[in-house]
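Me: I am new to this structure and would like a close look at a single part of the chain, followed outward into its surroundings. Please explain each term when you first use it.

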Amino acid sequence: MTPSIPGPAYRIVTERLVVRCWNPEDAPLMKAAIEASIEHLKPFMPWAYNEPEEIEKKIDRIKRWRSLFDRGEDFVYGIFSADESRVVGGTGLHTRVGEGAREIGYWIHAQEIGQGYATEVSAALTRVAFEIDRVKRVEIHCDPRNRSSANVARKLGYTYEATLRQRFHFSDEVWTDAMIWTLFSEDYPSSPAAKSQIQAYDAAGRRIL
């Protein structure tokens, strides 16, 4: 196997967006984006039920995410406009699906939906996962009711594996099902995701992809 490119990718530039590690100074932009999108997010994002919350909690959460990122334990990113003046959403390459694997999660600002941003970002993170992190598989999990998320996975060449019952925990009384979509390293080179045009940079700003 080709040696891994030194990672992780801290900053990824796509055709229209910047996807990068959150910094504490991003907290006001994050807070504004989430609060403008709460009703849009609630049907599918359990954490949206804790919103709105004060800015200090956002800063503390970003600091925890950054600590995990720097230690190589989990990778949470902000999605920004090309000039980084506004938050378009959030995403991540999560390690919770096991060794040698990543799970891509994402949310998009309510005013930015329908523009293909989730597909653009997920394609970019798929490239990063396979070409920098050198994982064996990448997964996308979504609520079966969330047809837009299912379409993202389908467009990028992921295979529908199963729908697992009662996997998303909204409250003590409410659990929802989860669709599992998977792309394996041997199938990645021929997938639409592999054709994504991106640039990726490490923590020192050096280009690694």
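**From a loop into the core**

Reply: Arginine 134 has a relative accessible area of 30% and is therefore partly exposed, a class that lies between buried, under 20% relative accessible area, and exposed, over 50%, as found with a 1.4 Å probe on protein chains only. The model is predicted, with local features needing a pLDDT of at least 70 and side-chain atom pairs counting only at pLDDT 80 or more, while totals for chains, interfaces and linings use all residues. Residues are numbered from 1 along each chain as its sequence is written, and side-chain values use heavy atoms, with hydrogens and water left out.

Arginine 134 is found in the loop between helix 4 and strand 6, where helices (H or I, at least four residues) and strands (E, at least two) are DSSP runs numbered from the N terminus. The phi of arginine 134 is near 55°, which is a positive value in a residue other than glycine.

On one side of this loop stands helix 4, whose 15 residues reach 21 Å from the first C-alpha to the last, close to the expected 21 Å, a span given by 1.5 Å times one less than the number of residues. Of its 15 residues, 15 are buried, so helix 4 is largely enclosed by the rest of the structure. Serine 196, in the loop between strand 8 and strand 9 (199-201), is buried at a relative accessible area of 13%. Leaving out residues up to four places away in sequence, serine 196 touches Ala123, Ala124 and Arg127, where contact means heavy atoms within 4.5 Å.

Helix 4 leads on to the largest nonpolar core (a set of buried Ala, Val, Leu, Ile, Met, Phe, Trp, Tyr and Cys residues joined through side-chain atoms within 4.5 Å), which has 43 residues. Those with the most contacts inside this core are Ala9, Ile12, Tyr77, Ile104, Tyr158 and Trp181. Among the elements that give two or more residues to the core are strand 2 (17-21), strand 3 (75-81), strand 4 (87-94), helix 4 (117-131) and strand 6 (137-142), and helix 4 supplies the largest share, with 9 residues. In soluble globular proteins, nonpolar side chains tend to be buried together. Alanine 9 is in contact with Phe69, Tyr77, Val128, Ile132, Ala200, Tyr201 and Ile208, once neighbours within four places in sequence are left aside. Another core lies apart from the largest one; this other core has 15 residues, including Ala33, Leu41, Ala48 and Val76.

Strand 3 deserves a closer look, for 7 of its 7 residues are buried, so strand 3 is largely enclosed by the rest of the structure. Strand 2 and strand 3 run antiparallel and are joined by 5 bridges, two strands being paired if DSSP finds at least two bridges between them; here leucine 17 has serine 81 of strand 3 as its bridge partner. Strand 3 and strand 4 are likewise antiparallel, joined by 6 bridges, with isoleucine 79 standing opposite glycine 89 in strand 4. These two strands form a hairpin with 5 residues between them, and glutamate 84 in the turn has a positive phi of about 65°. Glutamate 84, at 23% relative accessibility, counts as partly exposed.

Side-chain rings appear around these parts too. The charged end of arginine 20 sits over the ring of phenylalanine 80, 4.0 Å from its centre, a description that requires NZ of Lys or CZ of Arg within 6 Å of the ring centre and within 35 degrees of the ring normal. There are 8 aromatic pairs, where rings of Phe, Tyr and Trp (its six-membered ring) pair if their centres lie within 6.5 Å, with planes under 30 degrees apart counted as stacked, over 60 as edge-to-face and the rest as tilted. Tryptophan 47 and tryptophan 107 have ring centres 5.9 Å apart and planes at 65°, so they form an edge-to-face pair. Because tryptophan 47 lies in the loop between helix 2 (38-41) and helix 3 (55-70) and tryptophan 107 in strand 5, this pair ties together parts 60 residues apart in sequence. Tryptophan 47 is partly exposed at 29% relative accessibility, whereas tryptophan 107, at 10%, is buried. Elsewhere, ring pairs link Tyr10, Phe69, Phe75 and Tyr77 into a cluster.
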